[in-house]
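Dear colleague,

Please find below the structure that I am handing over to you. The findings follow directly after it.

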Amino acid sequence: MALMIRAGLGLDPWDVFHQGLAERTGWSFGVVTIVVGAAVLLLWWPMRQRPGLGTVSNVFVIGIAVDASLRWLPAPDALVWQLAFLVSGVVLNAVAGGAYIGARLGPGPRDGLMTGLVRITGRSVRLIRTGIEVTVLLVGFVLGGSLGLGTVVYALAIGPLVQVFLPLLTVPEPRRVRPDAAGEPGPGAPVATAAPVAPVAEQPGTAAPAPAG
């Protein structure tokens with residue numbers, strides 16, 4: 001995210017919105033990201049979406065990380081370095097997206113908003129996702145956010161890149177123990193029979209039991 005900001009060639013739709021708000025409020029980019037993430041998370045309540053650890057972490061960690069990165073990351077002047085920053089930012093964003101989705105600890109607030117609206121409206125993911133991102137892009141541009149080549153590159157590249165990284169970074173689901181694996185015999189398994197019991201020898205000094213009758 002910080003690489004794309006420093007590249008100065010345009011941001012992804014949500015970051016155009018964040019940047020526009022930062023321009024209007026005077027807040028840092030990271031603070032705006034945290035505030036918007038928390039506000040979007042509140043929209044989950046009427047949709048009965050359940051946040052996870054990854055959801056809450058997404059709100060705070062991204063904002064803190066982007067402000068920390070912007071403090072030491074310089075803005076390049078040469079176009080070749082601007083393009084390098086842009087490409088690196090898009091690729092690292094895809095890696096981060098694949099990692100947090102693959103961790104199975106809950107979607108980010110913005111992704112959860114999309115899935116919640118898909119569930120309650122019955123509309124397609126493509127329609128809802130496009131509607132949300134076009135809306136925030138236009139509002140962010142009106143507020144003064146940066147729209148440009150980076151916006152187009154991000155829109156075209158992020159989906160295919162996440163598709164590449166997601167299988168590599170997905171945590172496998174825990175295996176469920178089957179009944180036969182837990183010690184219970186499965187169908188067709190041989191049934192063990194009890195071993196014959198050997199007769200007990202009479203102990204010295206004891207009398208044998210008298211016959212009945």
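Which residues form a nonpolar patch on the surface? They are Trp27, Val31 and Val35, and together they present about 260 Å² of accessible area. Val31 belongs to helix 3, residues 29-42, and is partly exposed, with a relative accessible area of 37%. Please bear in mind throughout that this is a predicted model.

Overall architecture

The protein contains 9 helices and 0 strands. Read from the N terminus, its elements follow the order α-α-α-α-α-α-α-α-α. The protein has 213 residues, of which 32% count as buried. Its accessible surface amounts to about 13900 Å², and carbon and sulfur atoms contribute 68% of that area. Among contacts with a separation of 6 or more, 75% are accounted for by residues 24 or more positions apart.

The aromatic pair in helix 2

A search of the whole structure returns 1 aromatic pair. The ring centres of Trp14 and Phe17 are 6.1 Å apart and the ring planes stand at 75 degrees, so the arrangement is edge-to-face; the cut-off for that class is an angle over 60 degrees. Both residues lie in helix 2, residues 13-25, where a spacing of 3 residues places them about one turn of the helix apart. Trp14 and Phe17 are both buried. Trp14 has a further neighbour in Arg110, which lies over the face of the ring at 5.3 Å from its centre.

Leu11 and its surroundings

Just before that helix in the chain, Leu11 is found in the loop between helix 1 (2-7) and helix 2. Is Leu11 buried or exposed? Leu11 is buried, because its relative accessible area is 2% and the cut-off for burial is under 20%. Leaving aside residues up to four places away in sequence, Leu11 touches Met4, Ile5, Val16, Gln19, Phe29, Ser146, Gly150 and Thr151. In addition, the C-alpha atom of Leu11 is 8.6 Å from that of Val152, although 141 residues separate the two along the chain.

The salt bridge in helix 8

The search for salt bridges across the whole structure gives 1 result. Arg129 is bridged to Glu133, and the closest N and O atoms are 2.7 Å apart. Both residues are in helix 8, residues 125-143, and because they are 4 residues apart they are separated by about one helical turn. The two partners fall into separate accessibility classes: Arg129 counts as partly exposed at 36% relative accessibility, whereas Glu133 is buried, with a relative accessible area of 19%.

Pairs distant in sequence

Two further pairs may be of use when you inspect the model. Pro160 lies in helix 9, residues 149-169, and is partly exposed, with a relative accessible area of 46%. The C-alpha atoms of Pro160 and Ala94 are 8.9 Å apart, while their positions lie 66 residues apart along the chain, counted as a separation in sequence. Ala96 is part of helix 6 and is partly exposed as well, with a relative accessible area of 43%. From C-alpha to C-alpha, Ala96 and Leu166 are 9.5 Å apart in space, and they are 70 residues apart in sequence.

Backbone angles

Most residues other than glycine have a negative phi. Against that background, which residue in the loop between helix 4 (44-47) and helix 5 (53-72) deserves a look? The residue is Arg48, whose phi is near 60 degrees, a positive value in a residue other than glycine. Arg48 is exposed, with a relative accessible area of 74%. Arg104 likewise has a positive phi, of about 60 degrees, although it is not a glycine. Arg104 is placed in the loop between helix 6 (79-102) and helix 7 (109-121). At 46% relative accessibility, Arg104 counts as partly exposed.

With kind regards

Key: Residues are numbered from 1 along each chain as its sequence is written. This is a predicted model: local features need pLDDT of at least 70, side-chain atom pairs count only at pLDDT 80 or more; totals for chains, interfaces and linings use all residues. Side-chain values use heavy atoms; hydrogens and water are left out. Rings of Phe, Tyr and Trp (its six-membered ring) pair if their centres lie within 6.5 Å; planes under 30 degrees apart count as stacked, over 60 as edge-to-face and the rest as tilted. Helices (H or I, at least four residues) and strands (E, at least two) are DSSP runs, numbered from the N terminus. Buried means under 20% relative accessible area, exposed over 50%, partly exposed in between (1.4 Å probe, protein chains only). A charge sits over a ring if NZ of Lys or CZ of Arg is within 6 Å of the ring centre and within 35 degrees of the ring normal. Contact means heavy atoms within 4.5 Å. Accessible areas come from the Shrake-Rupley method with a 1.4 Å probe; for residues, only the protein chains shown count as cover. Patches are made of residues with over 30% relative accessible area and no salt bridge: like charges are joined within 9 Å, nonpolar side chains (Val, Leu, Ile, Met, Phe, Trp, Tyr) within 5 Å. A salt bridge is a side-chain nitrogen of Lys or Arg within 4 Å of a carboxyl oxygen of Asp or Glu.
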